[in-house]
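This report concerns a predicted model. It takes up a sheet, the helix beside it and the surroundings of two ligands.

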Amino acid sequence: MSGMMDVRSTTATGPTSAPPPKAAPAQVGQSLLRVDDLRVWFPITEGLIFERHIGDVRAVDGIDFEIRRGETLGLVGESGCGKSTTGRAIVRLYKPTTGSITFDGVDLAPLEGAALRRMRARMQMIFQDPYASLNPRMNVAGIVGEPLDIHSVGTKAERNERVRDLLATVGLNPDFAVRYPHEFSGGQRQRIGVARALALNPDLIVADEPISALDVSIQAQIINLLQRLQGEFGLTYLFIAHDLSVVRHISDRIAVMYLGRIVEVAPSRELNREPVHPYTVALLSAIPIPDPVVESRRRRIILKGDVPSPAAPPPGCRFHTRCWLRDRLGDPERCSTEEPVLRTMATGHDVACHFAEEVAGSAEQVQAVGRGAPTAPPAGSVSPSLGPDGTPRRDLGALPATPPVPPSAPPSVPSPGV
Ligand SMILES: Nc1ncnc2c1ncn2[C@@H]1O[C@H](COP(=O)(O)OP(=O)(O)OP(=O)(O)O)[C@@H](O)[C@H]1O
Ligand code: SF4
Ligand SMILES: [Mg+2]
């Protein structure tokens, strides 16, 4: 990235042609982003002329987490659990209903106008659908250079040079700057999206399903690109995906979401070795293990029923209507009356389940992680995944292994961070 302008020293107030930036060494460990009790509710209204507020879609309903500088936090969960809404609230495409988002010590929630624009420049978003997220009427120079134009960074010639530099950085020929999005493949388009996200030298990138719409053969290239850029520029990522098998390879830590809440957070390795929330166990049980012997002994935990509506989440634990552990424990009352808070277990996992200790060492956990032969369930208990003789049952409910990829990110989303 030699020869680039220091875009961070500029604001919308005027151009500059400061010296090139150096990739700041990532001070891994320091908190870059803190989210406290974040809620994003979408109002449901009725009536055409006199609109009446009749309820809310509680897309995100009281979540807390932290992202440290230089790390990748994976955010996973089924379709509709609130992942994108979380990402968009962080870069302030959505205004939080309540709660705070502290970025580098500044609470973003109340910010407006120029102060918000300045902070937004430091947080960028990469969208899922590289077809819908690039303006088909702009050429690549216009798309990648738009954030620089909006923030009046450098002179026209410097901005053009910066665009060429960015294209080279993401592995595209700088001469492609004059071409239009329809002239590129999906993977190339996503590279253009990445170049645009890098234009203002952000600290944080929210990547919302950045590879879900790409061919499998291209997915690894984009993951490798993101990892290289993280090392090169000290980037911090919030990596959103519905597929735990994707997230676990690139995340330092993983947060699992269910119906607007975070149910488990742990370092990626720990989460994959010893998941302690029944929902995480179910997600992991759906990922095939590349060992035919182990795989033949595994049982996927199939969750019963559908995900409840976020407009009317179940009382108590939101997962109780589908929880295999609750069934196994004989339907304890607490599950349906008392909402579990996110607590830190002795193992270091943060988990929101009253009975997470029961998961450790269970047949379901052992099978889900493919650690070996399943152990028999505790005496007197009924395992939903194993019959009384330890053989797999065939009557469990369903969790899609890889829930269907939603068609696209909404094309109407405004350009973030500019
Ligand atoms: N602008 C909006 N207005 C009303 N409801 C919304 C809006 N955006 C999202 N929702 C609802 O909020 C909930 C969470 O949506 P969100 O897009 O955050 O989920 P997601 O986890 O990203 O799902 P997916 O994996 O399908 O992308 C869903 O029920 C969705 O229908
Ligand atoms: S609190 Fe109860 S319903 Fe919720 S995850 Fe734990 S066992 Fe299941
Ligand atoms: Mg989404």
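## Sheet

In strand 2, which residue is the bridge partner of V40? The partner is V60. Strand 1, residues 31–46, and strand 2 run antiparallel and are joined by 13 bridges.

These strands belong to an open sheet of four strands, in which the order is 2-1-4-5 and the pairing antiparallel. Strand 2 (52–68) and strand 5 (106–107) form the edges, each pairing on one side only.

## Helix against the sheet

Helix 1, which covers residues 83–90, packs on the sheet. Helix 1 touches strand 1, strand 2 and strand 4 (98–103), and its direction makes about 75 degrees with that of strand 2.

## Surroundings of ligand 1

There are 14 residues around ligand 1, and F42, A59, S79, S84 and T85 come nearest. Two elements, strand 2 and helix 1, give two or more residues to this shell. The most comes from helix 1, which gives three residues.

By class, the shell around ligand 1 divides into six nonpolar residues, seven polar and one charged.

## Surroundings of ligand 2

Ligand 2 is surrounded by residues that include the cysteines C317, C323, C335 and C353 and the histidines H320 and H354. Also around ligand 2 are P278, F319, L325, R326, P340 and F355.

This shell divides into nine nonpolar residues, two polar and one charged. For the shell around ligand 1, the corresponding division is six nonpolar, seven polar and one charged.

Terms used
Residues are numbered from 1 along each chain as its sequence is written. Chains are lettered from A and ligands numbered from 1 in the order in which they are written. This is a predicted model: local features need pLDDT of at least 70, side-chain atom pairs count only at pLDDT 80 or more; totals for chains, interfaces and linings use all residues. A residue is near a molecule or strand if its C-beta atom, placed from the backbone, lies within 6 Å of it. Ala, Val, Leu, Ile, Met, Phe, Trp, Tyr, Cys and Pro count as nonpolar, Asp, Glu, Lys and Arg as charged, and the others, Gly among them, as polar. Two strands pair if DSSP finds at least two bridges between them. Two residues are in contact if their C-beta atoms, placed from the backbone, lie within 7 Å. Axes are lines fitted to C-alpha atoms, for helices over the stretch in contact, and angles run from 0 to 180 degrees between N-to-C directions.
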